[in-house]
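This report describes the side-chain packing, charged pairs and aromatic pairs of one protein structure. The sequence and the coordinates come first.

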Amino acid sequence: MYLPKLSLMKTFKKELKALKKQLSEPHRHKSQARQEGARNGNTSTNTEEETFSFADAMQGVTPLSQDKVEPDKQIELFKKSQQVKGKHMKHSKQIAASFDFSDMYQAALPQEGPMRFCQDGESTHILKQLRRGDYSPEMTLDLHGLTREMAKAELAALIHTARKELIDCVCVMHGFGQGVLKAALPHYLVQHPHVRAFHQAPLEYGGQAALLVLIDIPLQNNKR
């Protein structure tokens, strides 16, 4: 009764051994090939297999793009040039607004009557116009309480601004006090190349405590 079962068991074991042998055969051949290659100093088979395996594995893979944003050098250079340009323009304006008035220069001014001056080449008629108040000052500079150096800087800035704004008549108030600025101011104004004339101001603009100054503005766009 048990003989058929024993026969089946033997047959199953034989088939199992054959299957194991069949499965292990390729691995045995590869191991032998590696050993022979190592003995002969030939590693190309292994290298080719590894290279092929890596290349095969990487097929269809897209490299990652660079996601770091580099600063635009052109923009940086432009910003730097604008900064330098801004500093240069500011410096140029400071130079344009400054004028080196000398305390040593003494102009030949009238000793009698109201303080007045007219540049060479200008009609003396403009002095009468200044005296009558035909010119109305659009800017006024008050020098009260300033030192000579401060007054010179403010005066240069006034003339520069007047020319820039196309204003041909300004009023400079020197006051009375000890008379230091009152005495120095006419000699400063005579030195400036853009002062056409000046005259003691009419009463409504300060009288003896101020001067009306006529400025030579660009394009000779003077208002009469």
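The sections below go through the nonpolar cores, two core residues, the salt bridges, the aromatic pairs and a histidine in a loop.

## Model

The structure is a predicted model.

## Nonpolar cores

The largest nonpolar core has 27 residues. Within this core, the residues that touch the most other members are Leu155, Val172, Leu189, Phe198 and Val213. Two helices and three strands each give two or more residues to the core: helix H5 (148–164), helix H6 (180–191), strand S3 (169–173), strand S4 (195–200) and strand S5 (210–215).

There is also a second core, separate from the largest one, with 12 residues. Cys118, Ile126, Ala201 and Leu214 are among them.

## Leu189 and Leu211

Which residues does Leu189 contact, leaving aside its neighbours within four places in sequence? They are Leu155, Val195, Phe198, Leu211 and Val213. Of these, Leu155, Phe198 and Val213 are also named with Leu189 as the core residues that touch the most other members.

Leu211 lies in strand S5. Its relative accessibility is 3%, so Leu211 counts as buried. Not counting residues up to four places away in sequence, Leu211 touches Met115, a group comprising Val170, Cys171, Val172 and His174, then Leu185, Pro186 and Leu189, and finally Phe198, His199, Gln200 and Ala201. One of these contacts, His174, is 37 residues from Leu211 in sequence, with a C-alpha to C-alpha distance of 7.9 Å.

## Salt bridges

Side chains of opposite charge can pair when their charged atoms come close. How many salt bridges does a search of the whole structure find? The search gives 5, including the three described here.

Asp103 and Arg148 form a salt bridge in which the closest N and O atoms are 3.5 Å apart. Asp103 is in the loop between helix H3 (73–97) and strand S1 (116–118), while Arg148 is in helix H5, so the pair ties together parts that are 45 residues apart in sequence. Asp103 is partly exposed at 30% relative accessibility, and Arg148 is partly exposed with a relative accessible area of 36%. Lys152 forms a salt bridge with Glu149, with 3.0 Å between the closest N and O atoms. Both residues of this pair lie in helix H5, 3 residues apart, or about one turn of the helix. Lys152 is buried, at 8% relative accessibility. Asp103, Arg148, Glu149 and Lys152 are linked in a network of salt bridges.

A further salt bridge joins the side chains of Asp134 and Arg132, with an N to O distance of 2.7 Å. Asp134 is partly exposed at 37% relative accessibility. Arg132 is also partly exposed, with a relative accessible area of 46%.

## Aromatic pairs

A pair of aromatic rings is described by the distance of the centres and the angle of the planes. The structure holds 3 such pairs. Phe99 and Phe101 form an edge-to-face pair, with 4.8 Å centre to centre and 65° between the planes. Is Phe99 buried or partly exposed? Phe99 is partly exposed, with a relative accessible area of 30%, whereas Phe101 counts as buried at 2% relative accessibility.

Phe117 and Phe198 form a stacked pair: the centres are 5.4 Å apart and the angle between the planes is 25°. Phe117 is in strand S1 and Phe198 in strand S4, 81 residues apart, and the pair links distant parts of the chain. Both residues are buried. Phe198 also belongs to the largest nonpolar core. Apart from this stacked pair, Phe99, Phe101 and Tyr188 form one aromatic cluster.

## His192

His192 is found in the loop between H6 and S4. With a relative accessible area of 7%, His192 is buried. A polar atom of the His192 side chain lies 3.1 Å from the backbone nitrogen of His194.

Not counting residues up to four places away in sequence, His192 touches Phe99, Phe101, Gln119 and Ile159. Two of these residues, Phe99 and Phe101, are the partners in the edge-to-face pair and members of the aromatic cluster with Tyr188.

Note on methods: Residues are numbered from 1 along each chain as its sequence is written. This is a predicted model: local features need pLDDT of at least 70, side-chain atom pairs count only at pLDDT 80 or more; totals for chains, interfaces and linings use all residues. Side-chain values use heavy atoms; hydrogens and water are left out. A nonpolar core is a set of buried Ala, Val, Leu, Ile, Met, Phe, Trp, Tyr and Cys residues joined through side-chain atoms within 4.5 Å. Buried means under 20% relative accessible area, exposed over 50%, partly exposed in between (1.4 Å probe, protein chains only). Helices (H or I, at least four residues) and strands (E, at least two) are DSSP runs, numbered from the N terminus. Contact means heavy atoms within 4.5 Å. A salt bridge is a side-chain nitrogen of Lys or Arg within 4 Å of a carboxyl oxygen of Asp or Glu. Rings of Phe, Tyr and Trp (its six-membered ring) pair if their centres lie within 6.5 Å; planes under 30 degrees apart count as stacked, over 60 as edge-to-face and the rest as tilted. A polar contact is a pair of N or O atoms within 3.5 Å; within protein, one must be able to donate a hydrogen and the other to accept it, and residues adjacent in sequence count only if both atoms are side-chain atoms.
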